[in-house]
Amino acid sequence: MSRYLFDNTDARTPDRFAVLESCYDHVSRRRLELTGLAPGWRCLEVGGGGGSLGDWLAERTGPDGEVTVTDIDPRWAESRPHSPQVRLLHHDIVNDPLPGDGYDLIHARLVLIHLPERLQVLDRLVRALRPGGTLVLEEFDCHWSPVLASPDEESEALFDHVQAALLAQLQKAGADPLWGRRVLGAMRRAGLEDVTATTYAESWQGGTPGIDLHRVNAQQTEAGLRADGVTEAELQRFYALLRDPGFVVNSPPLISAQGRRRGR
Ligand SMILES: C[S@@+](CC[C@H](N)C(=O)[O-])C[C@H]1O[C@@H](n2cnc3c(N)ncnc32)[C@H](O)[C@@H]1O
């Protein structure tokens, strides 16, 4: 059974979506352009979160296009003005019937990584494409976030300790922190053709917007982190470290993979 660890009812969720949009929307847009995205296309954006990419897809597909954005809890996309061409759906990609089929393009960023049923969902998404249609999945490889600069060795060890505990929380909820490095192979096995991928990462300095993803993730899972032995003092030092300009960590690499359904 699917259980998304980072509950969208949490008031800090917009902070997560703000980081994802500011750090990764430009990467996603470039990858989506490579699909040949054109006016009139029918697009499905799965687990659309804050909804920014849905709006961008609507701009690019124009008045003759169709963009459906789904989420198990689309409250944050609903709460901001969005294009009239975007259909927002309260929808569970694991359990609900698909909202349509014959899509030219299906995109999901950082959604399947959380779903224990990710391979079944992948098969469903492939079947929902038109022949020749394109699936783009963008996923983190959470096991490659090296510390690039640190005020001292203790701080580096603290970051690694909290990060390991956070990955354990993700795994307990059914996420696969290594899904990013597995996604291309899974897409090939699901029958897609011309599967390619690019990987994007950048340095995140303490006190800059990107590194805030680590704060929001830790704050939303504090109870589980404490239960797994992270102390209150460690958590407070961790939050202070994320504000320290002397600390720099590599962002989790985002692997953007695309593949085409057979046929024309
Ligand atoms: C990490 S966020 C990513 C949001 C957005 N795709 C982005 O990259 O900015 C994961 C999103 O997937 C949604 N989600 C989780 N499980 C889902 C499911 N079973 N069906 C649809 N959406 C789901 C969550 O509600 C959340 O908005």
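## Reading helix packing and ligand contacts

Analyst: Let's start at the ligand: a backbone N or O atom of isoleucine 93 lies 3.0 Å from a nitrogen atom of the ligand. Keep in mind that this is a predicted model.

User: Thanks! Which residues come nearest to the ligand?

Analyst: There are 18 residues around the ligand, and Gly47, Asp71, Asp92, Ile93 and Arg109 come nearest.

User: What do the side chains of aspartate 71 and aspartate 92 lie close to in the ligand?

Analyst: A polar side-chain atom of aspartate 71 is placed 2.5 Å from a ligand oxygen atom. For aspartate 92, a polar side-chain atom sits 2.9 Å from a ligand nitrogen atom.

User: Now the helices. What describes two packed helices?

Analyst: Two numbers do the work: the angle between the axes and the distance between them. Take helix H5 (residues 153-172) and helix H9 (residues 232-242), whose axes come within 10 Å and cross at roughly 110°. An angle from 65 to 115 degrees counts as roughly perpendicular, so H5 is roughly perpendicular to H9. The crossing of H5 with H9 is left-handed.

User: Which residues of H5 and H9 meet?

Analyst: From H5 come Glu154, Ser155, Leu158, Phe159, His161 and Val162, and from H9 come Glu234, Arg237, Phe238, Leu241 and Leu242. By class, this contact of H5 with H9 holds 6 nonpolar, 2 polar and 3 charged residues.

User: How is H7 oriented relative to H9?

Analyst: Helix H7 (residues 212-220) packs on H9 at about 160°, with the axes 9 Å apart. That angle makes H7 roughly antiparallel to H9, and their crossing is left-handed. On the H7 side, His214, Arg215, Ala218 and Gln219 meet Phe238, Tyr239 and Leu242 of H9. The classes here are 4 nonpolar, 2 polar and 1 charged. If you are following H9 in the viewer, notice that Phe238 and Leu242 take part in the contact with H5 and also in the contact with H7.

User: And what is the angle between H4 and H6?

Analyst: Helix H4 (residues 118-127) and helix H6 (residues 179-189) pack at about 45°, their axes 12 Å apart. H4 and H6 are therefore oblique to each other, and they cross in a right-handed sense. Arg118, Leu119 and Leu122 of H4 make the contact with Trp179, Ala186 and Met187 of H6.

User: How do the residues of the contact of H4 with H6 divide by class?

Analyst: They divide into 5 nonpolar and 1 charged, with no polar residues.

Definitions and conventions:
Residues numbered from 1 in each chain as written. Predicted model: local features only at pLDDT ≥ 70, side-chain atom pairs only at ≥ 80, totals over all residues. Heavy atoms only, no water. Axes fitted to C-alpha atoms, helices over the stretch in contact; angles between N-to-C directions. Helix = DSSP H or I, 4+ residues; strand = E, 2+ residues; numbered from the N terminus. Parallel < 35°, antiparallel > 145°, perpendicular 65-115°, else oblique. Left-handed = near helix turned anticlockwise from the far one by under 90°. Contact = heavy atoms within 4.5 Å. Nonpolar A, V, L, I, M, F, W, Y, C, P; charged D, E, K, R; others polar. Near = heavy atom within 4 Å. Polar contact = N/O pair within 3.5 Å; in protein donor to acceptor, adjacent residues only side chain to side chain.
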